[in-house]
Amino acid sequence: MGSRAADGAGSERPADGGAEALGEESGRFTREQLFTLAATASINFSSMVCYSILGPFFPTEAEKKGASNTIVGLIFGCFALFNFLSSLILGNYLTRIGAKFMFVAGMFVSGCVTILFGMLDKVPSGPMFIGFCFLVRAIDAISFAAAMTASFSILAKAFPTNIATVLGSLEIFSGLGMVLGPPLGGFLYQSFGYEVPFITLGCIVLVFVPMNMCILPKYDSIPSKESFWKLILLPKVLVLCLTIFSLSACLGFLDPTISLFILKKFKLPTGYVGLVFLGLALSYSLSSPLLGLVSDKLPYTRKWLLIAGGLLTALCFFMLGPAPVLHIESQLWMFVLVLVLIGFSLGMSAIPVFPEVLQCAHENGFEEGLSLLGLVSGLFNAMWSLGAFAGPILGGFLNESLGFEWAAAIQGGLALLSGLTTGIFYIIEATRKSSSSNLQNPPGNNEERTHLMGSET
């Protein structure tokens with residue numbers, strides 16, 4: 001099946017993506033590829049700025065409005081839950097709706113609801129404020145899911161042979177958004193109040209919409225009959241889904257907890273809280289292009305990156321508090337250093353996942369095309385969103401019940417489970433392949449064939 005999928009890939013690319021394949025073989029990007037990179041870079045940057053801007057001040061603002069720490073976690077998790085459901089649906093209908101339309105429409109709605117979120121401080125405190133927070137975040141989640149599902153599919157279509165390298169390179173813009181979001185949000189909040197950060201960023205997103213309408217190429221494809229269930233029930237894909245879920249849950253855990261811990265433990269002003277996030281964002285964005293290049297040039301290293309990334313993430317979360325059993329006093333420099341390592345370890349696991357799922361789908365007879373890319377990107381975003389839903393809720397509850405130190409250590413247990421599960425799966429897979437190879441080619445076959453050929457002559 002693997003060879004048949006590979007042959008199908010080779011026969012389809014000249015028809016659907018000849019320009020893309022030619023551009024990659026010549027070592028130069030075509031005009032369409034450059035425009036695709038610019039458009040997807042804009043959604044990576046703007047989405048991460050809008051997402052990360054909440055961290056430094058929204059939990060505190062929400063508490064003033066009568067929301068508990070657990071409710072704040074639910075508000076963060078609401079975005080992820082609707083993102084999860086939307087990704088599952090939109091991935092199936094990508095080719096019917098159109099990748100470009102889905103991308104541009106998602107950006108437009110996201111920009112509008114970001115501005116609306118800035119108006120929520122006018123809503124009365126209590127249930128009214130909490131309800132509107134859930135509503136606006138749910139709409140934002142649907143639009144975000146549309147844009148990101150289309151973005152992943154368009155990238156994989158435009159760069160079929162080096163998708164991990166391209167995804168890793170574009171994570172620079174995601175990291176840049178993560179870097180600029182918290183300090184920019186903290187500064188604007190301290191200087192101008194609650195509304196200005198959201199209005200500013202919403203307007204920036206809306207500026208990108210007409211630009212992307214003009215420059216983003218249109219990719220068409222024939223709808224496929226393949227389904228999410230056929231894809232997700234593959235054993236390897238299930239294991240990779242656990243990896244995606246654990247990574248996202250670990251990041252989501254930090255949203256409602258880390259700013260409160262920094263303010264309480266290190267007594268930093270709100271404006272400086274965002275600077276602490278720089279360690280994680282910079283290390284992730286700077287290491288991602290290198291990890292993507294390694295993943296594409298040396299595909300056999302992907303399994304090792306996934307395993308090592310999960311185990312290192314678990315160790316880092318155990319040290320983030322640090323865990324009380326270690327009896328180590330938390331210090332700011334050590335906290336930032338652990339965040340740097342978390343950024344690197346998350347990149348080790350996140351970058352190889354998408355090409356691994358694609359490769360698994362090809363090996364199991366899925367037809368290559370935009371329909372498959374929609375399924376894979378939708379599945380990736382859905383699992384990521386599911387983790388982002390569970391992470392803040394679990395983080396808010398554990399932080400309120402046990403304190404940040406124990407909560408972070410428990411969260412690291414999920415990353416440990418993911419790393420160990422991935423390692424066990426790849427060991428079993430290698431053992432089965434070795435056994436199958438020995439059964440198909442017994443040691444005596446080559447000797448007997450050589451002997452018979454010698455006797456014939």
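**Exercise 1. Describe how H14 and H16 pack, and identify the residues in contact.**

Solution. In this predicted model, the axes of helices H14 and H16 lie 7 Å apart and make an angle of about 35°. The next step is the handedness: H14 and H16 cross in a right-handed sense. The residues follow. H14 brings Gly279, Leu280, Ser283, Tyr284, Ser287, Ser288, Leu291, Gly292 and Ser295 to the contact. From H16 come Leu339, Val340, Ile342, Gly343, Phe344, Leu346, Gly347, Met348, Ala350, Ile351, Pro352 and Pro355. Sorted by class, the contact of H14 with H16 holds 13 nonpolar and 8 polar residues, and no charged ones.

**Exercise 2. Determine how H11 is oriented relative to H16, and describe their contact.**

Solution. Begin with the geometry: H11 and H16 pack with their axes 10 Å apart, at an angle of about 150°. Because angles over 145 degrees count as roughly antiparallel, H11 is roughly antiparallel to H16. The crossing of H11 with H16 is left-handed. On the H11 side, the contact uses Lys236, Val237, Leu240, Thr243, Ile244, Leu247 and Leu251. These meet Leu346, Ser349, Ala350, Val353, Glu356, Val357 and Cys360 of H16. By class, the contact of H11 with H16 comprises 10 nonpolar, 2 polar and 2 charged residues.

**Exercise 3. Carry out the analysis for H2 and H7.**

Solution. The axes of H2 and H7 cross at roughly 150° and come within 10 Å. It follows from this angle that H2 is roughly antiparallel to H7. Their crossing is left-handed. H2 contributes Gln33, Thr36, Thr40, Ile43, Asn44, Ser47 and Tyr51 to the contact. H7 contributes Arg137, Phe144, Ala147, Met148, Ser151, Ile154, Leu155 and Ala158. The contact of H2 with H7 divides into 8 nonpolar, 6 polar and 1 charged residues.

**Exercise 4. Count the cavities of 30 Å³ or more, and describe the largest cavity.**

Solution. The count of cavities of 30 Å³ or more is 3. The largest cavity holds about 830 Å³ of space. It is lined by 36 residues, of which Met48, Tyr51, Met178, Leu251 and Trp384 are the closest to its centre. Next, the lining is assigned to elements. Those giving two or more residues are helices H2 (31-52), H4 (69-92), H7 (127-158), H8 (163-192), H11 (235-254), H14 (278-297), H16 (332-363) and H17 (370-402). Finally, the lining of the largest cavity divides into 24 nonpolar, 10 polar and 2 charged residues.

**Exercise 5. Describe the second largest cavity by its volume and its lining.**

Solution. The volume of the second largest cavity is about 180 Å³. Among its 21 lining residues, Cys50, Tyr51, Ser110, Thr114 and Asp140 are the closest to the centre. At least two residues of this lining come from each of H2, helix H6 (99-117), H7 and helix H9 (195-215). The lining of the second largest cavity contains 13 nonpolar, 6 polar and 2 charged residues. Tyr51 also appears among the residues closest to the centre of the largest cavity, and Tyr51 takes part in the contact of H2 with H7.

**Exercise 6. State which kind of peptide bond joins Gly321 and Pro322, and place Pro322 in the structure.**

Solution. The peptide bond between Gly321 and Pro322 is cis, with omega about -10°. As for its place, Pro322 is found in the loop between helix H15 (302-320) and H16.

Key:
Residues are numbered from 1 along each chain as its sequence is written. This is a predicted model: local features need pLDDT of at least 70, side-chain atom pairs count only at pLDDT 80 or more; totals for chains, interfaces and linings use all residues. Side-chain values use heavy atoms; hydrogens and water are left out. On a 1 Å grid over the protein atoms alone, a cavity is a set of points where a 1.4 Å probe fits but cannot get out, and a pocket is an open set with protein on both sides within 12 Å along at least five of seven lines; lining residues have an atom within 4 Å of a point. Grid points are joined across faces, edges and corners, and a volume is the space filled by probe spheres set on the points. Helices (H or I, at least four residues) and strands (E, at least two) are DSSP runs, numbered from the N terminus. Ala, Val, Leu, Ile, Met, Phe, Trp, Tyr, Cys and Pro count as nonpolar, Asp, Glu, Lys and Arg as charged, and the others, Gly among them, as polar. Axes are lines fitted to C-alpha atoms, for helices over the stretch in contact, and angles run from 0 to 180 degrees between N-to-C directions. Angles under 35 degrees count as roughly parallel, over 145 as roughly antiparallel, 65 to 115 as roughly perpendicular and the rest as oblique. A crossing is left-handed if the near helix is turned anticlockwise from the far one by less than a right angle, and right-handed if clockwise. Contact means heavy atoms within 4.5 Å.
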